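Please open the model in your viewer, choose a cartoon display, and keep a selection box at hand for the stops that follow.

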Amino acid sequence: AEMARTQKNKATNYHLGTLKAKLAKLRSELINGPGGKSAGTKNAERGFDVTKSGDTRIGLVGFPSVGKSTLLTTLTGTRSEAAAYEFTTLTCIPGTMKYKGARIQVLDLPGIIEGAAEGKGRGRQVISTARTCNLILIVLDSAKPLTHKKIIEQELFSFGIRINQVPPNVKIIKKESGGIGYQEMVPQTKGMNSEVCRMVLKEFKISCAEIILREDITVDQFIDVIEGNRAYIPVLYVFNKIDALTIEELDILDQMPNYVPISSQHQWNLEELMEEIWDRCNMMRIYTKPRGQIPDYDEPVILHSERNPTVEEFCNRIHRTLIDQFSHAWVWGKSAKHQPQRCGKEHRLMDEDVVQIVKKAG
């Protein structure tokens with residue numbers, strides 16, 4: 001209430017920053033208990049015990065009865081009970097689908113409700129499991145998408161999940177003595193300054209540290225860096241049951257970013273959903289070629305990388321001891337200047353390259 005009453009200007013930045021730091025600390029203690037253990041550690045309630053398998057993992061999160069179980073069955077063939085009443089799914093049900101040679105594990109999580117981050121309706125178990133995913137699909141009922149969307153976003157935020165964000169480029173180096181050192185590499189226009197920085201650090205009992213801000217950030221982002229337990233996960237909004245909407249209503253929904261309209265019951269637009277999942281997970285296919293044989297196009301090696309991975313990352317994906325015996329690699333494909341090209345371990349690969357590893361003699 002005090003934050004709502006306070007006008008936002010340069011003179012009140014210091015006061016608002018102090019309030020935000022206190023709220024973040026109290027929220028952390030409320031969710032994780034006294035001592036502020038990080039969300040998702042052994043002190044917090046454990047997620048569902050599901051073995052990670054495949055090349056990537058995606059989780060279906062949403063309110064009860066929005067079609068998550070039907071979507072899992074449609075994508076993977078794994079039967080997840082679906083019915084006309086709420087809370088049909090009471091535990092996490094995994095399934096695996098193949099797309100472009102990649103094995104993608106899909107988790108059908110129980111429906112979450114308002115207050116999930118505080119433990120209502122097994123919500124903390126659901127969100128703990130969602131933190132382990134490479135991508136979260138927030139499944140929404142197209143008839144009432146925005147109300148559900150806001151609630152789910154708030155629950156994920158309260159549990160330390162930052163959706164469609166990247167970690168702030170901020171360096172905090174703790175020291176034994178010397179007080180607080182504060183450096184801005186770029187101008188700060190969102191409320192951060194040396195006074196706010198010192199007040200927030202004081203709230204977290206940090207008295208000696210070097211702070212380097214390499215981008216323009218908010219006070220909330222600075223608090224996230226201090227707490228250090230945030231999960232930055234890409235999110236895709238899946239609007240299900242579009243068969244019940246008119247064309248005009250679909251045009252309104254089309255203005256939202258990061259969304260895909262589907263009908264899991266009628267299997268509409270699932271190809272676009274699969275393509276979006278592939279792109280958001282930054283997956284690349286690299287084919288192996290044994291010496292004197294044709295490339296293995298059936299079982300590609302799947303790599304995750306926002307920038308093109310190196311031959312060394314490719315070797316480590318196959319087996320971590322392979323790089324010790326590495327001599328050079330022959331590469332065919334878009335990344336090669338000529339076909340084939342002899343490359344070292346620093347060579348950057350591209351999607352659908354063919355690689356033959358040559359080991360050291362002896």
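Begin with the sheet: in this predicted model, six strands form an open sheet of mixed pairing, and they are arranged in the order β2-β3-β1-β4-β10-β11. Colour β2 (93–99) and β11 (259–261) separately, since these are the edge strands, each of which pairs on one side only. If you look along the sheet from strand to strand, the twist from one to the next averages 25°.

Next, select residues 235–240, which make up strand β10; β10 and β11 pair in the parallel sense, over three bridges. Within this pairing, show Y237 in β10 and Y259 in β11, which is the bridge partner of Y237. While Y237 is displayed, add K149, whose charged end sits over the ring of Y237 at 4.9 Å from the ring centre.

Now bring in helix α3 by selecting residues 68–76; this helix lies across β1 (56–62), β2, β3 (102–108) and β4 (135–141), and it runs at about 40° to β2.

Turn to side chains and the nonpolar interior. Which residues touch the most other members of the largest nonpolar core? They are I58, L273 and I277, in a core that counts 54 residues, and the largest share of this core, six residues, is contributed by β4. Select L273 and display its surroundings: leaving aside residues up to four places away in sequence, L273 touches L71, L236, V238, V260 and I262. Apart from this core lies another one, of 20 residues, and to find it you can select V196, I206, I211 and L213, which are among its members.

The following stops are aromatic rings, of which the structure holds three pairs. Select F239 and Y259, which form a tilted pair with 5.1 Å from centre to centre and 55° between the planes. Because F239 lies in strand β10 and Y259 in strand β11, this pair ties together parts that are 20 residues apart in sequence. Are these two residues buried or exposed? Both F239 and Y259 are buried.

Then move to Y287 and Y297, whose ring centres are 4.9 Å apart and whose planes stand at 70°, so that this pair is edge-to-face. Y287 belongs to strand β12 (residues 283–288) and Y297 to strand β13 (residues 296–304), and the pair links these parts of the chain across ten residues. Y287 is buried, with a relative accessible area of 8%.

For a last stop, select R162 together with F157: R162 lies over the face of F157, at 3.7 Å from the ring centre.

Note on methods. Residues are numbered from 1 along each chain as its sequence is written. This is a predicted model: local features need pLDDT of at least 70, side-chain atom pairs count only at pLDDT 80 or more; totals for chains, interfaces and linings use all residues. Side-chain values use heavy atoms; hydrogens and water are left out. Two strands pair if DSSP finds at least two bridges between them. Helices (H or I, at least four residues) and strands (E, at least two) are DSSP runs, numbered from the N terminus. Axes are lines fitted to C-alpha atoms, for helices over the stretch in contact, and angles run from 0 to 180 degrees between N-to-C directions. Contact means heavy atoms within 4.5 Å. A nonpolar core is a set of buried Ala, Val, Leu, Ile, Met, Phe, Trp, Tyr and Cys residues joined through side-chain atoms within 4.5 Å. Buried means under 20% relative accessible area, exposed over 50%, partly exposed in between (1.4 Å probe, protein chains only). Rings of Phe, Tyr and Trp (its six-membered ring) pair if their centres lie within 6.5 Å; planes under 30 degrees apart count as stacked, over 60 as edge-to-face and the rest as tilted. A charge sits over a ring if NZ of Lys or CZ of Arg is within 6 Å of the ring centre and within 35 degrees of the ring normal.
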